[in-house]
Amino acid sequence: MSGQSRSAVLLAGLMGTAGVLHFVVPKAFDGTVPRILPGKARTWTYASGAVELALAAGLAHPRTRVAAARVTTGFFVGVFPANVQMAVDWRHRPRPQQVAAYARLPLQIPLVLWARGVARGADGL
């Protein structure tokens, strides 16, 4: 397996794990849903998990990898407001939780770059 394929499969594993967790422990994700979104947080949690599972499947298959990696890049950018919401909401929690919430913010950058790199490597750019 090439390094590029390995990277794509690892990203697929990350997305798949995150997607499954949205269904196994949805309450942990409900609090990160921005309050500005309409409807119930649980609906958004499940929808996000379903999208992550679909992206994982797309990343795992070479034929759909480029498109899935591009959409994954956009997904990582799109969920950033949830990370900001979490940091705001958790600012009065115990220090370890605050650190975890704030650490998620800059970690979004390497995730975006990783997905973009998979897309570029997968289509020969």
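**Overall fold and local environments of selected residues**

With a relative accessibility of 48%, Gly78 counts as partly exposed, because the partly exposed class lies between the cut-offs of 20% and 50%. The model in which this value was computed is a predicted one. Gly78 belongs to helix 4, an element that spans residues 65-78. Between the C-alpha atoms of Gly78 and Pro38 the distance in space is 16 Å, and the two residues are 40 positions apart in sequence.

At the level of the whole chain, the secondary structure consists of six helices, with zero strands. Read from the N terminus, the order of elements is therefore α-α-α-α-α-α, as the helix and strand assignments are DSSP runs numbered from that end. The radius of gyration of the chain is 15 Å; a compact globule of 125 residues would have a value near 14 Å, so the two agree. Along the principal axes, the C-alpha atoms occupy a box of roughly 45 × 25 × 25 Å. Buried residues make up 34% of the 125 residues in the chain. Among contacts with a separation of 6 or more, 64% are between residues 24 or more positions apart.

The surface and the charges were also computed for the chain. About 7,300 Å² is exposed, and 69% of this area comes from carbon and sulfur atoms. The side chains include 14 positive and 4 negative ones. The centres of these two sets are 3 Å apart.

Two further residues of helix 4 were examined. Ala69 lies in this helix and is buried, with a relative accessible area of 0%. When neighbours within four places in sequence are left aside, the contacts of Ala69 are with Leu59, Ala115, Val118 and Ala119. The C-alpha atom of Ala69 is 9.3 Å from that of Ala12, a residue 57 positions away in sequence. Thr73 is likewise placed in helix 4. The relative accessible area of Thr73 is 16%, so this residue is buried, the cut-off for that class being under 20%. Beyond residues up to four places away in sequence, Thr73 touches Val112, Ala115 and Arg116. With Arg116 there is also an approach of the Thr73 side chain to the backbone nitrogen, at 3.2 Å. Ala115 thus appears among the contacts of Ala69 and among those of Thr73.

In helix 3, which covers residues 41-60, Ala54 was considered. Ala54 has a relative accessibility of 51% and so counts as exposed, because that class begins over 50%. From the C-alpha atom of Ala54 to that of Thr72 the separation is 10.0 Å, with the two positions 18 residues apart along the chain.

Arg42 is a second residue placed in helix 3. Its relative accessible area of 32% makes Arg42 partly exposed. Apart from residues up to four places away in sequence, Arg42 touches Pro26, Lys27 and Asp30. The C-alpha atoms of Arg42 and Val66 are 30 Å apart in space, while the residues are 24 positions apart in sequence.

The contact between Arg42 and Asp30 includes a polar one: the two side chains come to 2.6 Å. Asp30 is placed in helix 2, comprising residues 26-30, so this polar contact pairs a residue of helix 2 with one of helix 3. The relative accessibility of Asp30 is 16%, and Asp30 therefore counts as buried. Asp30 is thus buried, whereas its partner Arg42 is partly exposed. In addition to Arg42, the residues touched by Asp30 include Ala41 and Thr45, again not counting residues up to four places away in sequence.

Note on methods: Residues are numbered from 1 along each chain as its sequence is written. This is a predicted model: local features need pLDDT of at least 70, side-chain atom pairs count only at pLDDT 80 or more; totals for chains, interfaces and linings use all residues. Side-chain values use heavy atoms; hydrogens and water are left out. Helices (H or I, at least four residues) and strands (E, at least two) are DSSP runs, numbered from the N terminus. The radius of gyration is taken over C-alpha atoms; the globule rule is 2.2 Å times the number of residues to the power 0.38. Buried means under 20% relative accessible area, exposed over 50%, partly exposed in between (1.4 Å probe, protein chains only). Contact means heavy atoms within 4.5 Å. Accessible areas come from the Shrake-Rupley method with a 1.4 Å probe; for residues, only the protein chains shown count as cover. Lys and Arg count as positive and Asp and Glu as negative; His and the chain ends are not counted. The place of a charge is taken as NZ of Lys, CZ of Arg, CG of Asp or CD of Glu. A polar contact is a pair of N or O atoms within 3.5 Å; within protein, one must be able to donate a hydrogen and the other to accept it, and residues adjacent in sequence count only if both atoms are side-chain atoms.
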